[in-house]
Amino acid sequence: YSPDGLHIASGSYDETIKIWDATSGVCIRTLKGHSDSVFSVVYSPPQGLETDGLHLASGSADKTIKIWEATSGVCIHTLQGHSSYVNSVVYSPDGRTIASGSNDKTIKIWRV
């Protein structure tokens, strides 16, 4: 869920991320850029007076983490460093770092 509860982000085996309207269930945006299945998607936490997540982070079987602008769906960063699937991603409460877990048996902390 987005921090404001209005949207849901989902990752898929079809290599996409979909943004859904949480009330109607309608897909409002499809994000493309990963080259393999997307296993984990998370919204950034709210910052200051901002009530909704400005960014999404996604982890994929393509061994990358991508950072997306939530409103436009544009990929703004690709983080590389894992040697196997990225199974999970999560933002720190202040939104300044991301932790990722991988099948390579490591957890990495990234500055974003």
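In the predicted model, the protein chain has a radius of gyration of 13 Å, which agrees with the value near 13 Å that a compact globule of 112 residues would have. The C-alpha atoms, taken along the principal axes, fill a box of roughly 35 × 30 × 20 Å. Of the 112 residues of the protein chain, 39% count as buried, and the accessible surface comes to about 6,100 Å², with 51% of this area belonging to carbon and sulfur atoms.

With regard to secondary structure, the protein chain contains ten strands and zero helices, so that reading along the sequence gives the pattern β-β-β-β-β-β-β-β-β-β. When contacts between residues at least 6 apart in sequence are considered, 37% of them are found to join residues at least 24 apart.

On the surface, a nonpolar patch of about 350 Å² is made by Tyr13, Phe39 and Tyr85. Of these contributors, Tyr13 is found in the loop that lies between β1, spanning residues 7–11, and β2, spanning residues 16–21. Tyrosine 13 counts as exposed because its relative accessibility is 68%, the cut-off for this class being over 50% relative accessible area. The loop between β1 and β2 thus carries a residue that is exposed and that takes part, together with Phe39 and Tyr85, in the nonpolar surface patch.

How values were computed:
Residues numbered from 1 in each chain as written. Predicted model: local features only at pLDDT ≥ 70, side-chain atom pairs only at ≥ 80, totals over all residues. Heavy atoms only, no water. Patch = residues over 30% accessible without salt bridge, like charges linked within 9 Å, V, L, I, M, F, W, Y side chains within 5 Å. Areas by Shrake-Rupley, 256 points an atom, 1.4 Å probe, with all protein chains shown as cover. Salt bridge = Lys/Arg side-chain N within 4 Å of Asp/Glu carboxyl O. Helix = DSSP H or I, 4+ residues; strand = E, 2+ residues; numbered from the N terminus. Buried < 20%, exposed > 50% of the residue type's maximum accessible area, 1.4 Å probe, protein only. Rg over C-alpha atoms; globule rule 2.2 N^0.38 Å. Contact = heavy atoms within 4.5 Å.
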